[in-house]
Amino acid sequence: QSTWDQIGEWPSEFETKSMLSSIVENTALLSELVLYFPDYINELVDKEAGMKQLVSWSFTACNDQLFDFDEGDKELFHLALQEFNLIPRQDDYINPYSKAAKVAKLQQELNEARYEQNVVNKKTKKTKSEKKRSRLQSVEL
């Protein structure tokens, strides 16, 4: 049964509206936090018993049928769901703030620096060998 079916029509009581508002606001905040601090937030959620289930419930409560989110909010929730592994990750999903992504980026930069250094070294070696050849030629004269 969907959240909309459970709630029925939109509540008229202030307290109920306030609770629904808090769920949406806190789910949005949690989404931002998990995207910017993925390793820390995932560790906290995994460590606390029942927290993963609560997170899953909060995203279920914030479904498109109940609330009219703009495209930015939908994308935020979609990325957060992937980060929490509540839905399968897309093949191209990478969170640039995760430790794994940072390590991969540093490794790539290191490999590029090594490649550039090898290119410079090869040019330098050619220059040294050319100097040696020119010295040998001058000695032969």
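Helices here are DSSP runs of at least four residues, numbered from the N terminus. With that in hand, load the model, which is a predicted one, and color it by secondary structure. Reading along the sequence gives α-α-α-α-α-α: six helices and zero strands.

**Stop 1: the whole chain**

Show the surface before picking anything out. The protein exposes about 11000 Å², and carbon and sulfur atoms supply 54% of that area. Of its 141 residues, 23% count as buried. Now think about contacts between residues at least 6 apart in sequence: 62% of them join residues at least 24 apart.

**Stop 2: the largest pocket**

Rolling a probe the size of a water molecule over the atoms shows where empty space is left. Here, the largest pocket comes to about 150 Å³. To find it, select Ser22, Ile23, Asn26, Thr27, Leu29, Leu30, Leu33, Leu54, Trp57 and Ser58, which line it. Two elements give two or more residues to that lining, helix H2 (14-36) and helix H4 (51-61). Which of them gives the most to the lining? That's H2, with seven residues. Color the lining by residue type and you'll get six nonpolar residues, four polar ones and no charged ones.

**Stop 3: along H4**

Stay with H4 and select Val55, Ser58, Phe59 and Ala61, which are buried in this helix. Look down the axis: these four cover an arc of only 160°, so they sit on the same side of H4. As a reminder, an α-helix has 3.6 residues a turn, so residues three or four places apart point the same way. Ser58 is worth a second click, as it is one of the buried residues in H4 and also one of those lining the largest pocket.

**Stop 4: two glutamates on H2**

Go back to helix H2 and pick Glu25, which is located there. Is Glu25 buried or exposed? It is exposed, since its relative accessible area is 52% and the cut-off for exposed is over 50%. Draw a distance from its C-alpha to that of Cys62: the two residues are 37 apart in sequence, and the C-alpha atoms are 9.7 Å apart in space.

Next, select Glu32, also found in helix H2. Glu32 has 35% relative accessibility, so this residue counts as partly exposed. Its partner for a distance line is Ala80: 48 residues separate the pair in sequence, while C-alpha to C-alpha they are 7.6 Å apart.

**Stop 5: Lys74 on H5**

Hop over to helix H5, where you'll find Lys74. At 30% relative accessibility, Lys74 is another residue that counts as partly exposed. Add Ala28 to the selection and run a line between the C-alpha atoms: they are separated by 10.0 Å, with the two positions 46 residues apart along the chain.

**Stop 6: the loop after H5**

Where does Asn85 lie? Look in the loop between helix H5 (71-83) and helix H6 (99-140). Zoom in on the backbone here. Most residues other than glycine have a negative phi. Asn85 has a positive phi of about 60°, although it is not a glycine. Switch the surface back on to see how open this spot is: Asn85 is exposed, because its relative accessible area of 53% falls in the range over 50%.

Conventions
Residues numbered from 1 in each chain as written. Predicted model: local features only at pLDDT ≥ 70, side-chain atom pairs only at ≥ 80, totals over all residues. Heavy atoms only, no water. 1 Å grid on protein atoms, 1.4 Å probe; cavity = no way out; pocket = protein on both sides within 12 Å on 5 of 7 lines; lining within 4 Å. Points joined across faces, edges and corners; volume = space filled by probe spheres on them. Nonpolar A, V, L, I, M, F, W, Y, C, P; charged D, E, K, R; others polar. Buried < 20%, exposed > 50% of the residue type's maximum accessible area, 1.4 Å probe, protein only. Contact = heavy atoms within 4.5 Å. Areas by Shrake-Rupley, 256 points an atom, 1.4 Å probe, with all protein chains shown as cover. Arc of directions from axis to C-beta.
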